[in-house]
Amino acid sequence: MRWFRGSEAAQTKPAAKTSAGPRTSRRSTGFAEFTRSLTSYDNLSALDLGATSSANIAFLTGFGGRVHNEDILRAAQDKIYVVRQEDGSETLDSKRFFSENLNYPERRFDAILCWDIPDYLHEALVKPMVERIYKIMKPGGILLAFFHTKDAGPDSPYCRYHIATREVLDLEPRPDFRLQRVFNNRHIENLFKGFSSLKFFLARDNIREVLVIR
């Protein structure tokens, strides 16, 4: 996969603080299909891995059941997870991180909004996060993830996603994180190896939307 911003140590540091830009809206085919699937689950149990959004909570609770939220990127900024390796470089302790985050019973969730977390998350946590997601999803559960294409460029801003309608998302640029990598289709397929199926949608704004079925 293609890397940005250099060293492992750099990945543990957020981007420099700058003012957030105005919100924009984007129509999402992947999210529209994700939404249609929610009606098929009884007593829906959903998990949002992005920054907390009251709009998202209200939207998801409208389908009945319970909604949980974990801001994984924010949690990964905690210095307690940083460890120094033998060569002097720094990485994150994935075992400790996932003993304290995404710590849910197996087969708990019907639906998970992963957004574009894998593109911005520290490398040491990406694969373990997906492995944990597999465990906490119910068989037949659905996940929505976004991946930047190579044309997006290394300065693509991290955005907080707010659900506006069943097919429209509002994006709130946040200066907190830098894009770490770009996955191609093969990388994405390998990342979700073991899941039942993947469905790709290529959007016009250099985003690849992926629906994943557990």
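Here is a walk through this structure, from its open sheet to a few side chains worth a look. Keep in mind that the model is predicted.

Let's start with the sheet. Six strands make it up, and it is open, with the order E4-E3-E7-E8-E13-E12 and mixed pairing. At the edges you'll find strand E4 (66–69) and strand E12 (197–202); each has a single partner strand, so one side of each has no neighbour in the sheet. Ignoring direction, neighbouring strands here are turned by 15° against each other on average.

Now step through some of the pairings. As a reminder, strands of a sheet pair through backbone hydrogen bonds, and they can do that parallel or antiparallel. You can see both kinds here. Strand E3 (residues 45–48) and E7 run parallel and share 3 bridges; Ala46 has Ala111 in E7 as its bridge partner. Move along to strand E7 (residues 109–115) and E8, and the pairing is parallel again, with 5 bridges. On the other hand, E8 and strand E13 (residues 207–213) are antiparallel, joined by 7 bridges.

Leu143 is a handy residue for finding your way around this part of the sheet. Leu143 in E8 is the bridge partner of Ile112, and Leu143 also stands opposite Val212 in E13. How many residues of strand E8 are buried? For strand E8 (residues 137–148) the count is 9 of 12, so the strand is mostly covered, given that buried means under 20% relative accessible area. Part of the surroundings is helix H7 (residues 123–136), which lies across E3, E7 and E8 and runs at about 150° to E8.

Helix H2 is another mostly covered element. H2 spans residues 29–38, and 7 of its 10 residues are buried. These are Gly30, Phe31, Ala32, Phe34, Thr35, Ser37 and Leu38.

Two of those H2 residues lead us to the aromatics. Phe31 and Phe34 belong to one aromatic cluster with Phe59, Phe63, Trp115, Phe146 and Tyr161. Phe146 has a charged visitor as well: Arg26 lies over the face of its ring, 5.3 Å from the ring centre. Elsewhere, Arg214 does something along those lines, with its charged end sitting over the ring of Tyr134 at 3.7 Å from the centre.

Across the whole structure, a search turns up 15 aromatic pairs. Take Tyr120 and Tyr158: why does this pair count as edge-to-face? The ring centres are 5.3 Å apart and the planes meet at 70°, and planes over 60 degrees apart count as edge-to-face. The pair also ties together distant parts of the chain, since Tyr120 is in helix H6 (residues 117–120) and Tyr158 is in strand E9 (residues 158–163), 38 residues apart. Both rings belong to buried residues: Tyr120 has a relative accessible area of 3%, and Tyr158 has 4%.

Strand E9 is also home to His162, which brings us to Asn56. Asn56 lies in helix H3 (residues 54–61), and is it buried or exposed? With a relative accessibility of 1%, Asn56 is buried. Its side chain has two polar partners to look at. One is the side chain of Asp48, in a polar contact of 2.9 Å. The other is the backbone nitrogen of Ile163, 2.7 Å from a polar atom of the Asn56 side chain. Setting aside neighbours within four places in sequence, Asn56 is in contact with Asp48, Trp115, Tyr161, His162 and Ile163. Trp115 and Tyr161 will look familiar, as both are in the aromatic cluster.

His162 is buried as well, at 6% relative accessibility. Not counting residues up to four places away in sequence, His162 touches Arg23, Ser53, Asn56, Val168, Leu169, Asp170 and Glu172.

For a contrast, finish at Asp87. Where does Asp87 sit? Its place is the loop between strand E5 (82–84) and strand E6 (90–92). Asp87 is exposed, with a relative accessible area of 63%. Even out there, Asp87 has a side-chain partner: a polar contact of 2.6 Å joins it to the side chain of Ser89.

Conventions:
Residues numbered from 1 in each chain as written. Predicted model: local features only at pLDDT ≥ 70, side-chain atom pairs only at ≥ 80, totals over all residues. Heavy atoms only, no water. Phe/Tyr/Trp six-rings, centres within 6.5 Å; stacked < 30°, edge-to-face > 60°. Helix = DSSP H or I, 4+ residues; strand = E, 2+ residues; numbered from the N terminus. Buried < 20%, exposed > 50% of the residue type's maximum accessible area, 1.4 Å probe, protein only. Lys NZ or Arg CZ within 6 Å of the ring centre and 35° of its normal. Polar contact = N/O pair within 3.5 Å; in protein donor to acceptor, adjacent residues only side chain to side chain. Pairing = 2+ DSSP bridges. Axes fitted to C-alpha atoms, helices over the stretch in contact; angles between N-to-C directions. Contact = heavy atoms within 4.5 Å.
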